[in-house]
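The following exercises practise the reading of a protein model. Please attempt each task before turning to its solution.

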Amino acid sequence: SHAFPGAGATSVAYRGWSPTGFRIAGPAGVAAPGPDAARLKLTPDAAQALAGKPLIVEILVRPVPLTTAPELAVGLESAGAITWARSPISPEPALVRLTFPAVAGPVDAIALTPLVPAPDRPLSVEIGEIRIRPQS
């Protein structure tokens, strides 16, 4: 997969000298997800394997000291349309589990954006791992 940053900045997160995930910064004053979210493109095989199925997305989310956004919006993109779900961000590392209805076509990308309703400063979140699977 490849990260394509939107309006919010993205960066690699490190523990010691090892990369452990990536951080996404959300601009201040954004209370709803939009087209400028960071996207992780899926391979064509993975996109096709997820088509037409209700899905579960699990994301390991780590707070960023002093700048953690209060909420994360996650979307599945198919044919340019994004289906969104939202989850509060815990002050401790946590596995966020979101369910999505089936989409008609291949799932081309997963979109991620921290939601920062406060107008005074941008906030961020660290993403450690993402899993997408069909609901059983």
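**Exercise 1. The chain as a whole**

Task: State the accessible surface of the chain, its secondary structure and the share of buried residues.

Solution.
Step 1. The accessible surface of the chain comes to about 7,100 Å², and 59% of it belongs to carbon and sulfur atoms. Such areas come from the Shrake-Rupley method with a 1.4 Å probe; for residues, only the protein chains shown count as cover.
Step 2. The model is a predicted one, in which local features need pLDDT of at least 70 and side-chain atom pairs count only at pLDDT 80 or more, while totals for chains, interfaces and linings use all residues. Residues are numbered from 1 along each chain as its sequence is written, and side-chain values use heavy atoms, with hydrogens and water left out.
Step 3. The chain has one helix and ten strands, in the order β-β-β-β-α-β-β-β-β-β-β from the N terminus. Helices (H or I, at least four residues) and strands (E, at least two) are DSSP runs, numbered from the N terminus.
Step 4. Of the 136 residues in the chain, 39% are buried. Buried means under 20% relative accessible area, exposed over 50%, and partly exposed in between (1.4 Å probe, protein chains only).

**Exercise 2. Confidence**

Task: Determine where in the chain the confidence is lowest and where it is highest.

Solution.
Step 1. The pLDDT, which is the predictor's confidence in each residue from 0 to 100, averages 84 over the chain, and 86% of the residues score at least 70.
Step 2. The lowest confidence is found in strand 1 (residues 2-4), with a mean of 40, and the highest in strand 8, at 96.
Step 3. Residues 1-7 have a pLDDT below 50; this stretch has 16 contacts in the model beyond near neighbours in sequence. A contact means heavy atoms within 4.5 Å.

**Exercise 3. Strand 9 and its partners**

Task: Decide whether strand 9 is largely enclosed or not, and identify strands that pair with strand 9.

Solution.
Step 1. Seven of the seven residues of strand 9 are buried, so strand 9 is largely enclosed by the rest of the structure.
Step 2. In a regular strand the side chains alternate between the two faces of the sheet. Here Ala-109, Ala-111, Thr-113 and Leu-115 point one way, whereas Ile-110, Leu-112 and Pro-114 point the other way.
Step 3. Strands pair if DSSP finds at least two bridges between them. Strand 4 (residues 38-41) pairs with strand 9 in the antiparallel sense over four bridges; within this region, Lys-41 has Ala-109 as its bridge partner.
Step 4. Strand 6 (residues 71-78) also runs antiparallel to strand 9, joined by seven bridges, and Gly-75 stands opposite Ala-111.

**Exercise 4. The largest nonpolar core**

Task: Describe the largest nonpolar core and state which strand gives the largest share.

Solution.
Step 1. A nonpolar core is a set of buried Ala, Val, Leu, Ile, Met, Phe, Trp, Tyr and Cys residues joined through side-chain atoms within 4.5 Å.
Step 2. The largest one has 28 residues, and those with the most contacts inside it are Ile-59, Val-61, Leu-72, Val-74 and Ile-127.
Step 3. Two or more residues come from each of strand 3 (18-26), strand 4, strand 5 (55-62), strand 6, strand 8, strand 9 and strand 10 (123-134). Strand 5 gives the largest share, four residues.
Step 4. Val-61 illustrates the packing: residues up to four places away in sequence aside, its contacts include Leu-72, Ile-89, Val-96 and Ile-127.

**Exercise 5. Salt bridges of Glu-58**

Task: Which residues are linked with Glu-58 in a network of salt bridges?

Solution.
Step 1. A salt bridge is a side-chain nitrogen of Lys or Arg within 4 Å of a carboxyl oxygen of Asp or Glu; the whole structure has eight.
Step 2. Glu-58 lies in strand 5 and is buried, with a relative accessible area of 11%.
Step 3. Arg-131 forms a salt bridge with Glu-58, the closest N and O atoms being 3.3 Å apart. Arg-131 is in strand 10, 73 residues from Glu-58, and is partly exposed at 37% relative accessibility.
Step 4. Glu-58 also forms a salt bridge with Arg-133, with 3.6 Å between the closest N and O atoms. These two residues are 75 residues apart in sequence, and Arg-133 is partly exposed at 33%.
Step 5. The network links Glu-58 with Arg-97, Glu-129, Arg-131 and Arg-133.
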